[in-house]
Each structure stands twice: as structure tokens, then as C-alpha cells.
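Here's a quick walk through a two-chain model, with the helix packing up front and the confidence scores further down. Have the structure open while you read.

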Amino acid sequence: MATLVTTITETLRYKGKLGQWSWVLHRVTGLGVVLFLILHVIDTSWAAFYPGQYAKAIGEYQSPLFTLGEFALVAAIIYHAMNGLRIVLFDFKPEWWHLQQKAAMIVLGASVVLLVPTFAIMFGHVLHYYDGNPDLVTISDIIQSQAQFLLGFVVIIAAALLLSLAYALITGETGTPARPNRRPSQFDAWMWRFMRLSGLLIVPLVFGHLAMVHLIQGVFDITTSGHSIVGTDAVNSSGKAVEFVGRRWDYLVAGVAIWRIYDGALLALVVVHGFNGLRYVVNDYAHDRVVRRALTLAIAFGAAALIILGFAALLAGVDETAYGIAKEGLESFSKVPTSPFGG
Amino acid sequence: MKVKFRIRRFNPEVDKKPYWGEYTLDNVEPTDRVLELLHRVKWEQDGTLTLRRSCAHGVCGSDAVRINGVNKLACKVLVKSLNLKDGGQIQVEPILGLPVVKDLVVDFEPFFDHYRSVMPYFVPATPLPGDGRERRQSPEDRARFDDTTKCILCACCTTSCPSFWASGQYVGPAAIVNAHRFIFDTRDGATQERLNILSEESGVWRCRTIFNCTPACPREIEVTRAIGEVKLAIQRGGR
């Protein structure tokens, strides 16, 4: 971990060119998106399993704190996507390296160009929502519910540390290895390819997803009754977020549930891509064998759990009776209809 | 002109922590090289200042230091290239990621260990030709690795790399450049072995294409390109 501090302070001190800052931004935006991804997959699975809980989660997404987070998330995704394309380009055309500095500028420019209209549209949704004097979830409610996630992370990492420690006690492998692992890593070679291929597939999928649920419809409109549901010919009659999810997943084109397939593809690719990125960060900065094994274990478990949970929700779908349950769940939720940030 | 020097000092026998030593030099010419100024500090002001240099002409690669935030050979940097005003500051510190022995001198052994690990020597693919003369190669084949023959092992690239700062076990740009020189040599027979070595956990996959190494190279080797070509060779399963 000491090298994490060194890397941060020395990256700030070293007068690297734009490539260095592109790398920093790529890491920071990637980590931010993974954090949201974890919350988002768990939240969305509630639409299938705990409709009342899902309604609360959407209520939180409509709060000012999450609105700021949503803007940051969209900016992070757009930058990470654009810079990812730059990385892939120079990985496969290393002889074009002399254009990389220019490409890094283009990435920044393109991100801004994409963000300006995106933010304008998103801001329009925000204004429209606040025009209707909505009931806002309070900060303390948000902290309370997000604390569960934090507790979950702590428990998983603690459990992984205990397992790793037990493994170290049995095998006697502790401390930092003096010599690097000398086996050729087919896995790393394979993941290198996967990161690039999955990145290329994720870009159109995630941009489509952002366009549908952040721009065309937006998180504020998925709880408007009578609002058409993006990507389907259905209307959200109950005005509940679970109905939005349920009708999208049940929408068939020529007998195929296209949005389930779309969401499933996005889920699998993004989780593996994101958690492998997390593994790279752990490999870079966690050198103690016990800590590294624990974090790697937590990452593998986290990725598997999210994929299983997400696919279980996609397969289960949303029962139409859930539309009513969501309503009850929402009404039991404490609300203070005051200023943004809950007064 | 007048120049202020800020030099990172550390004597492990006396100092608990490194500190910045400050020195002022008068009558500095724009055409002076930083190495000459370091000599002036040592010879005129503080004889305990420790630095390493041999040829002093950018060939031996022994005086790599970080100058005003960027890795360079002290013997190749002219004062005028630093765009200083009169009384401006030159900050010199040891390259990062290798243990500091004293002041600006670092221990190169870990760096050379990585260099040795990639088999940086010719392994003939064919027996010596019957006429007992050299193994011939087309100019095109020779050009394929011309750029990476220029390395002088100064460690400017490796110690500019955040991946190397993060883990000294990463083989680093310089070792990959020297592997590239033989991997793409059509006369060499150990390409696959080197690709296997560089595909290890500490190998090329730790490169994040940050591009700090390329501008750091005093020989203007296209370092990140060479690393990229090695990655693609591993993916292809051959040169």
C-alpha cells in the first residue's frame, strides 16, 4: 500500500505529459463507475425481488445528492469510454504513438462536446421534476440505506481477509514475495484482449443505456404515471419504477425480450470489465500476499455475486402484483417535502 | 546569469530523512549543461555532494536524474532548454523506484536484474553459415528493430513509469525495449522464450500506456511503441 501513496504523490510531482493525466482520469473514472455499478445492480435486482425496496432506491436516485452523482457518473462514463477508445487505438496501432498526445486532447474535447448537450438535457429533466414540487428523500435516509452497502463491503473484505489469513497460516505464505511470479500468465494475456474487446462492445451498449434512462426518459420520469416507457409501446400506468422495469423486460420484439438480452449483455460485460480493472489496481498497489489474495478473492466473489444476482433478476422479471407492493413500500418511507438536500 | 540549485540530499550514514540542499551559482551560461553545474556545486561549494557520471557526453547512461520534474541525463540538458529566468531554479533529485545509495546515486542492481531476465543477448536460430562468415539479413529485417538497438540502459524510462513506482517487480520499459531488440531480429531463435518471460505477471501487461517513458528517453527511442509491439507479438504468438 505504501507504493500507492508514492505513486499518488509522485504522479503529482512528476511533470508527465497529457498521457499521464489521461491514465489518472481513466483510473478515477473507472473506480467511480464500478462503485455505482455495484449499487445499481443490487438496487435493480430489488425490482424483481423486493419491489418496495426498489421504490425507495429510486426515490433516493431522485434526491439532489444522487442527482449530482448522476451528472458525475455520466461524465465519468463518457470520458472513460472516449479514453478507452484511444487506448485501444494505440494498443493495436503502436506505430501511431506520436499522435497519442493529440488523441488525448481530442478525447478531452470530444468528452466536453458530448457532455454539453447531455448535461443540458439532463438538467432539463431536473428542472421539470422540481417544478412539480416533489417529495424529496432526506439525507439521513440516504446515509442510512447506503450504510448497508458500506457494511456489506466491509463484511465481504473482512471475510476475505480472514480466509486469506487462514490460507497463509496453512501454507506459510506471508509477506511480500522477494521475486515476482515467474509463470507465463495466460490469464493476463487473455484479460488484456478481453478488456479491449469488451470495451468496444460496452461503448455502444452503455451509450444506448444512458440515452434511454438518463436522456430520453431520465430517472425522474420513470415514476410518472401515464408516461410512455422508453424502448417499448407500453405506458407506465401505476407510475411506479418497478412497472417501468417490468414492462421493459417483458417487451417482446418478434417473441424476443430484447431489453432483457440487452441488459444481460451489458451486465456481464461491464461487471467483468469493471472488476478486472479493480483487480489491476489491487495488483499494482497491494503487495502483501495476504492482503492481495484477500482483495482478489473479494473481487472474484463480488463479480460472480453481481452477475448471478443480476441474471436472477432478469430471469425472474417483475410480477405485475409488484406494481402495487411498490406503492405501499414507498408510502412507508419517511419523506420531508422541504428544500433540496432534505433541509 | 544566476541559478538557484535545489538538490535532493541523503547520506544514509548521517541523515534520517532526505532533505533539499540549496546552492546558488553565479556566471551560469545558457550553454552550460546541468552536469557541469552539478560539478561546480561539488567542486566549489560542497564536496560531499555525490553523483554518478562517466563519459559526460550522453553515451554511457550513468547520470540519469530527475531535473525540474522530468527524468533526463544531466549531461544532455543545456541550461537554456530549461527556460529559466535570471535567478531561476533547477531542481535535481534521484530517479524514483530504485534504492538511493547516497544523494543522486541509486542502486541499479534491481534494474539490471530485470534487464538480465529478458535474455538480452543473441541466441542463434541457425548454425554458423558454411563460409564461417556472418548470418545475413535484409536491410528491411534489420530496420525492424533498429530503434531499440539505441538503448544505453540509463533507466530514465523505467523510473518515469508509474507502474514501476507502484511495483519494482514490474520488468519495466527498458528491459522490454532490450527484449524487443532481439524478439524482432530474424536471426534470433529465442523469440518465444522472451515472449513467455514478458507475458509473466511482472511483464508487459503491467504497462498501462501512460507514455511517460517515451519523452523521458534521451536516445529518443519510441519506447511505448516498442512495448506495444511486444504486446501484439505475444497476442499473435510470435514476432
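## Helix packing in chain B

Start with α2(B) and α5(B): they run roughly parallel to each other, because their angle falls under the 35 degrees that counts as parallel. This is a predicted model, so keep that in mind for everything below. The angle between helix α2 (residues 109-117) of chain B and helix α5 (residues 172-183) of chain B is about 30 degrees, and their axes sit 8 Å apart. As α2(B) passes α5(B), the crossing is right-handed.

Who touches whom? On the α2(B) side you'll find His114(B), Tyr115(B) and Ser117(B), and they meet Gly172(B), Ala174(B), Ala175(B) and Asn178(B) of α5(B). Sorted by class, the residues of this contact are three nonpolar and four polar, with no charged ones.

## The two domains of chain B

The domain assignment splits chain B into domain 1 (3-105) and domain 2 (108-236). Measure between their C-alpha centres and you should get 29 Å. Domain 1 of chain B puts 14 residues into the contact, and domain 2 of chain B puts in 15.

On the domain 1 side, strand β4 (residues 70-73) of chain B gives the most, with four residues. That side of domain 1 of chain B, the one touching domain 2 of chain B, has eight nonpolar, four polar and two charged residues.

## Where chain B meets chain A

How many residues of chain B are in contact with chain A? There are 32 of them, and they face 33 residues of chain A. Three helices of chain B each supply at least two residues to this side: α4 (162-166), α7 (213-216) and α8 (223-236). α8(B) gives the most, with seven residues.

As for chemistry, the chain B side that touches chain A breaks down into 10 nonpolar, 15 polar and seven charged residues.

## Helix packing in chain A

Two helix pairs are worth a look here. Helix α2 (residues 18-49) of chain A packs on helix α4 (residues 64-92) of chain A at about 130 degrees, with the axes 9 Å apart. That angle makes α2(A) oblique to α4(A), and their crossing is left-handed. From α2(A) the contact draws on Ser22(A), Leu25(A), His26(A), Thr29(A), Gly30(A), Gly32(A), Val33(A) and Phe36(A), which meet Ala72(A), Leu73(A), Ala76(A), Ile77(A), Tyr79(A), His80(A) and Asn83(A) in α4(A). The class count for this contact is eight nonpolar, seven polar and no charged residues.

Now jump to helix α9 (residues 258-285) of chain A and helix α10 (residues 289-316) of chain A, which pack at about 175 degrees with their axes 10 Å apart. α9(A) and α10(A) are therefore roughly antiparallel to each other. Among the residues making this contact are Arg260(A), Asp263(A), Leu267(A), Val271(A) and Phe275(A) of α9(A), and Arg292(A), Leu295(A), Ile299(A), Leu306(A) and Phe311(A) of α10(A). In this contact, 14 residues are nonpolar, four are polar and four are charged.

## How far to trust it

Chain B averages a pLDDT of 96, and 100% of its residues score at least 70. For chain A the mean pLDDT is 90, with 93% of residues at 70 or more. For the complex, the predictor gives an ipTM of 0.93 and a pTM of 0.92.

Which stretch of chain A stays under 50 in pLDDT? That would be residues 334-343 of chain A, where the model has 18 contacts beyond four places in sequence. Where pLDDT is low, predicted coordinates shouldn't be read in detail.

Notes. Residues numbered from 1 in each chain as written. Chains lettered and ligands numbered in written order. Predicted model: local features only at pLDDT ≥ 70, side-chain atom pairs only at ≥ 80, totals over all residues. Contact = placed C-beta atoms within 7 Å. Nonpolar A, V, L, I, M, F, W, Y, C, P; charged D, E, K, R; others polar. Axes fitted to C-alpha atoms, helices over the stretch in contact; angles between N-to-C directions. Parallel < 35°, antiparallel > 145°, perpendicular 65-115°, else oblique. Left-handed = near helix turned anticlockwise from the far one by under 90°. pLDDT = per-residue confidence, 0-100. Domains from an automatic or database assignment.
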